[in-house]
Amino acid sequence: MRFIATTTTSLCWLFLLQKSAFAAVQNIDILYVKLHAEISAEPLLLKQPADNKTLAGAKLAIEDSNTTGRFLKQHYQLNVVVDDTTNGLIDQLTAALAVDDTPGVVLIDVPESAFSAISKVVLNSGALVMNISSREDALRQSQCAEKMLHTVPSRAMLADAMTQYLMSRRWREWFLVSGNSDGDKAFANALQRSAKRFGAKIVEQKQWSFDSDLRRVAQKEIPLFTQHDDYDVVVVADEQHLFDKYFPGNTWLPRPVVGTEGLVPTGWHWTLEQWGATQLQNRFYSQFAREMTESDYAAWLAVRAISEAVTRTKSTASDVLYDYLLSDSFELAAFKGRKLSFRAWNGQLRQPIPLVHPNGLTALLPLEGYMHPVTDLDTLGYDKPEVRCNMAK
């Protein structure tokens, strides 16, 4: 009897192991929506943008998620929907969302002018929106939407990070230059808000409206344009980089240039190396033969956040994932020295912001000394009392 009992026990364990080995794999499909951005108005692009910008970060995150997913019987797949027009993309997206009755997760990588129309289609389907491209502050301050989360930093976050550093250097008086695109004006507004918030003073503000080729006349035009009695720093808001690259070294007074050129606040940069970041940088470079950009990193964050939520909840339902991602239980390790989490009041991912120059890291914000009742990461961007929208579940 003793022998039989032992044999029966062994057979039971063998059966359970075999059952586990052949258990159904949990498939997690993530939809990536891409609208080809408008071609820059810049007369000469000396450095062409990568064809797989942003998408490469999502692909690497899928690979990372499947590395651990094999042990958990999880398989992640990225389905890509791409088009050249908003209407064409909406048609493709509507068809893709209709294939599966279960709402899933959609990564949206489109210009800000098309974001509202595209996100509306996704939200109406019940799927979870991961914004990996739009920095628009209104999406975090007055137009928040249930089941919309943001892994790309807002303009307010970037402006606050930069301002904290400028104030630490006592560069309080700014000469602000902005372009005339909607993005440039929005970033200039974010900079004005941040200056008021932290006590800086904009002593002069001008809009760059020249259409001359600065490659030949920068040394003549920019000193005259930046004439003023005194200022500590020149702050430039030129998101398309049509003129900002010509400002360093050409200003009327010998002053540092910051903003979209010179010292730049960004979500990610190739010079980050601490907290295991070098490992991520090397894996990305090995696979795509280029540096990881902040757009790639935003997409990587989105997929990894979903992977973490699926692992913890054992669910692929968008409602379950959304609730968990906004809960206090969610934390994401993301090579920035801090555990990242989403703000429950507007869906923005809290994260440190690197301040960089082209070949190095200058600072990682927020700086020590900027206090907050919950976390100093909430000193960057819109805090809860400043948000006018409702993220009720």
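**Close-up views of a predicted model**

Y165 and W171 are both buried. The views below are taken from a predicted model.

**View 1. Y165 and W171 form an edge-to-face aromatic pair.** The ring centres of Y165 and W171 lie 6.3 Å apart, and the angle between their planes is 80°. Two numbers are given here because a pair of aromatic rings is described by the distance of the centres and the angle of the planes. The pair is one of 14 aromatic pairs counted in the model.

**View 2. The rings of W208 and F243 are stacked.** Their planes meet at 20° and their centres are 5.4 Å apart, so the pair counts as stacked, the limit being under 30 degrees. W208 belongs to the loop between β7 and α8 (214–225), whereas F243 belongs to the loop between β8 and β9; the pair therefore ties together parts that are 35 residues apart in sequence. W208 has a relative accessibility of 5% and so counts as buried, for which the value must be under 20%. F243 is buried as well, with a relative accessible area of 4%.

**View 3. An aromatic cluster contains W208, F225, F243 and F247.** The stacked rings of W208 and F243 are members of this cluster, together with F225 and F247. The ring of F225 also has a charge over it: the charged end of K206 sits 5.0 Å from the ring centre.

**View 4. R193 lies over the face of Y382.** The distance from R193 to the centre of the Y382 ring is 4.3 Å. R193 falls within helix α7 (residues 182–198), a helix that reappears in View 6.

**View 5. Strands β7, β6, β8 and β9 form an open parallel sheet.** The four strands are arranged in the order β7-β6-β8-β9. β7 (201–207) and β9 (257–259) are the edge strands; each has a single partner strand, so one side of each has no neighbour in the sheet. On average, neighbouring strands of this sheet are turned by 30° against each other, direction ignored. Strand β6 (residues 173–178) and β7 run parallel and are joined by six bridges. In one of the bridges, S178 is partnered with Q207 of β7.

**View 6. Helices α6 and α7 pack on the sheet of View 5.** Helix α6 (residues 155–168) touches β6, β8 (233–237) and β9. The direction of α6 makes about 150° with that of β9. Helix α7 (residues 182–198) touches β6, β7, β8 and β9. The direction of α7 makes about 165° with that of β6.

**View 7. C144 and C389 form a disulfide.** The sulfur atoms of C144 and C389 are 1.8 Å apart. The structure holds one disulfide. The disulfide links distant parts of the chain, 245 residues apart: C144 is in the loop between α5 (138–141) and β5 (148–150), and C389 is in the segment after β14 (360–365). Both C144 and C389 are buried.

**View 8. The peptide bond from L365 to P366 is cis.** Omega of this bond is near 10°. P366 lies in the segment after β14, the segment that also holds C389 of View 7.

**View 9. T54 and K73 have positive phi values.** Phi of T54 is near 80°, and the residue is not a glycine. T54 is placed in the loop between β1 (26–35) and α2 (55–69), and T54 is buried, with a relative accessible area of 3%. For K73, likewise a residue other than glycine, phi is near 60°. K73 is found in the loop between α2 and β2 (74–83). With a relative accessible area of 29%, K73 is partly exposed.

**View 10. The protein as a whole has 11 helices and 14 strands.** Of its 393 residues, 50% are buried. Among contacts between residues at least 6 apart in sequence, 69% join residues at least 24 apart.

Definitions and conventions: Residues are numbered from 1 along each chain as its sequence is written. This is a predicted model: local features need pLDDT of at least 70, side-chain atom pairs count only at pLDDT 80 or more; totals for chains, interfaces and linings use all residues. Side-chain values use heavy atoms; hydrogens and water are left out. A disulfide is a pair of cysteine sulfur atoms within 2.5 Å. Helices (H or I, at least four residues) and strands (E, at least two) are DSSP runs, numbered from the N terminus. Buried means under 20% relative accessible area, exposed over 50%, partly exposed in between (1.4 Å probe, protein chains only). Two strands pair if DSSP finds at least two bridges between them. Axes are lines fitted to C-alpha atoms, for helices over the stretch in contact, and angles run from 0 to 180 degrees between N-to-C directions. Contact means heavy atoms within 4.5 Å. Rings of Phe, Tyr and Trp (its six-membered ring) pair if their centres lie within 6.5 Å; planes under 30 degrees apart count as stacked, over 60 as edge-to-face and the rest as tilted. A charge sits over a ring if NZ of Lys or CZ of Arg is within 6 Å of the ring centre and within 35 degrees of the ring normal.
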